[in-house]
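I opened a fresh notebook page for this one and wanted to see how its parts fit together. My jottings follow in the order I made them.

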Amino acid sequence: MSGGELLLTTFNGLSFAGLLFLVASGFTLIFSLMGVLNLAHGSFYLWGGYLGLVTLGATGSWVLALLAGALGVALGGGVLERLVFRRVRGIELSEVLLSVGISLVLADLALAQFGGDSLTIAPPAALAGSVELGGLVVPRFRLAVIVAAVLVMIGLAVLLRRTRVGAIIRAGVDDEEMLDALGVNVRRVAAAVFVLGALLAGASGVVGGVFFGVYPGADAEMLLFALVVVVVGGLGSLQGAVVGSVVVGLVYSFGVALAPDLLYFVLFGPMLLVLVLRPRGILGGRL
Amino acid sequence: MSTFTVAGLAAGYQGHPVVDGIDLTVEPGEAVALAGRNGMGKTTTLRAVMGLAEPAVSAGSVRFGDVELHGKAPHHIARAGIGYVPQGRRIFRSLTVAEHLAVVARPARAGYEPWTMDRVNELFPRLAERAGQFAGTLSGGEQQMLAIARALMTNPLLVLLDEPSEGLAPQIVRQVGDIIAALHASGVGVLIAEQDLSMVRRVADRVYFLDRGTVAAQVTAAELDAHADLLERHLGVGAGHA
Ligand SMILES: Nc1ncnc2c1ncn2[C@@H]1O[C@H](COP(=O)(O)OP(=O)(O)O)[C@@H](O)[C@H]1O
Ligand SMILES: [Mg+2]
C-alpha cells in the first residue's frame, strides 16, 4: 500500500466511522437509559433511508429528505415506544424479542413498499464531487459526514454533561427507581431518549443511502455493525461509541482494501479479542 | 402539611407477606420514628409508602390529607409532598453534588418557605464546598447529607428517612441528627426508620416499635425512658450491652 492509498483508506475508514457513530450513538443511548437492546435499530436506519429517498424524489430537496428520514423515524419510534415497548418495560427477554419482531415487520413492510432493488441516494449538489485536503483528493460528501458526526458527538456530549436534561439522563442510568421516587417522571425521559435515538438512526439511513444505497438487508447489516461498535467500545457509553466507531470503521476500511476475502474475520476478530481482554468493552460502563 | 396516615398496610415479596396491618400517623410538622431491629419491616414499609415496584402492596391505604397515595407512581407520590431518603443513601454516582440538587428541584409549595439551592447550601455547608465534586467521591457522612439535601430540593412536606445513621461513626450520626432536627424545626414533617436509639431520641416526638411486620407498641419521646423493656426488645438496648 502506497502512502497515498494508506491515507485514503484511513480517510474512508474515518468517514465510515462517522456513519457508524451516528447509528451506534442512538443505539447505545437507548440501551444505557432503558436497558433495551433495541434490535429494531437497523430497521429505523433502513426506513430513514427509504423516507429520505422518497422525499428526495418528490421534492428534490436534500434538506427535506434528511428531515423526513430523521423526523419520520423519530415519530414512528415514538409511537412504537408508547404503544409497544412501554408495555414490556423492564422485562428484558420480551423487550428484545419484541424488537426483533418489530424489525421483521418493518423489513417486510419496506420490501412490499419499495421492492428488492438497491436504490441509491445522490449526494446533495453542494457536497457532490471531490475536494483536495492536504494533497489528498477526497469525496466532499464523505468529508461532510465526518464533520457532521463530530458535531453530533459534541452536541450529545454537551447535552449529557452540561444540561439539566443530560444530568437527569445520567441519574436515570445510575438509579432509575431513585430518580422516580424523587419526583422525576423517568418514563417520559426514557421515551424522549428513545425518540432521539430513533431520530439519529433515521438521519443515518439517509446518509448511509449515499454510501451504500438503500436495500433490503441493509437493516440487518447496519444493526450488526452497530452491535460490533458498542461491544468493542462498551455498551451504554457515548465515548465507547466514539472509540468503537473509529476502530470498526478503520478495520473495515483496511479489511476491504487488504483482505476482502477475510472481511468478516477481520471485523469480528478484533471484537472477540476485545471481549476476551475487556468483557465490558474498551470503555464499558460509563455514559 | 396535612396528616399522613398509613392504615392496614400489608406488603411483601413474591407472595410472602412481610408487613401486615401497619397503622401509623404523622401529624402536621411532627417527627415520628419507626423503630425496630434488622429485618422487622421498616424498609419494606417505607418502600411500600413510596409506591416502589417492590414490595407488592396487598392491602391498606396511604393517605396524605385526603389524597390517597396507594396505587400512584412514585414520582406522583414524591410530587404530593413526600421526600424520600432511602436506606444506603443511593446517591447518583455520575452526578456532581450541585447536579443532584438541580435534577430533582421542584417548585415551592404555597405557604412554605421554599428549599432553594442557597437554603440547602446554608444547612449543609460541607456540601456547598463540594458542589462540583462527583457524589461517588464523597465520604459516607457527606453522601448521607446529600441524600437528605436532595430530598429537600423536592420541597417536601414530609420526609421519609430510612436508617440515616447506618454505617456512620457516632460523631457523624450526631451531625446528621442535628440536621434532621433542624429541618424538623423548620416545619418539615419527619418519619424516620431507625435502630439507633441516640438518633431516635434526638429526632422523634413519638416512636412506633415494629416487630416482625406489625406495630407492637407506640410511646411518646418523653415516655421512652420509662420503657426499658421496649428498648431492650426492639432496639437491643440495655441488658448489659448499652
Ligand atoms: N427484596 C426482597 N425480597 C425478598 N425478601 C425481602 C426483600 N427485602 C426484604 N426482604 C425481607 O423482608 C423482611 C423485612 O425486611 P426490611 O423491610 O428490609 O427490614 P428492616 O428495614 O426493618 O431491616 C426481612 O425478612 C427481609 O429478609
Ligand atoms: Mg431497612
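**Entry 1: the metal site.** I began with B:Gln87 in this predicted model: buried or exposed? I got 25% relative accessibility, so B:Gln87 counts as partly exposed. I then looked up B:Thr43, and at 22% it is also classed as partly exposed, because buried would need a value under 20%.

Which atoms coordinate the magnesium ion (ligand 2)? I found OG1 of B:Thr43 and OE1 of B:Gln87, at 2.0 to 2.2 Å. I placed B:Thr43 in helix H1 (residues 42-50) of chain B and B:Gln87 in the loop between strand E6 (82-85) and helix H3 (97-104), so the pair ties together parts 44 residues apart in sequence.

**Entry 2: extent of the interface.** Next I turned to chain A and chain B. I noted 17 residues of chain A in contact with 25 of chain B. The two chains bury about 1,900 Å² between them, and 54% of that is on carbon and sulfur atoms. Which three residues supply the most of chain A's share? I wrote down A:Glu177, A:Met178 and A:Leu182, with 32% of the area chain A buries against chain B.

**Entry 3: polar links.** I counted 11 residue pairs in polar contact between the chains. The rule also finds four salt bridges across this interface. One of them joins A:Asp175 to B:Arg90, with the closest N and O atoms 2.8 Å apart.

**Entry 4: chain A's side.** Helix H6 (164-174) and helix H7 (176-181) of chain A each supply at least two residues here. H6(A) gives the most, with six residues. By class, I listed eight nonpolar, two polar and seven charged residues on the side of chain A that touches chain B.

Notes: Residues numbered from 1 in each chain as written. Chains lettered and ligands numbered in written order. Predicted model: local features only at pLDDT ≥ 70, side-chain atom pairs only at ≥ 80, totals over all residues. Heavy atoms only, no water. Contact = heavy atoms within 4.5 Å. Buried area = accessible area lost by both parts, 1.4 Å probe. Salt bridge = Lys/Arg side-chain N within 4 Å of Asp/Glu carboxyl O. Polar contact = N/O pair within 3.5 Å; in protein donor to acceptor, adjacent residues only side chain to side chain. Helix = DSSP H or I, 4+ residues; strand = E, 2+ residues; numbered from the N terminus. Nonpolar A, V, L, I, M, F, W, Y, C, P; charged D, E, K, R; others polar. Donors = N, O, S within 2.8 Å, 3.2 Å for Na, K, Ca; no water. Buried < 20%, exposed > 50% of the residue type's maximum accessible area, 1.4 Å probe, protein only.
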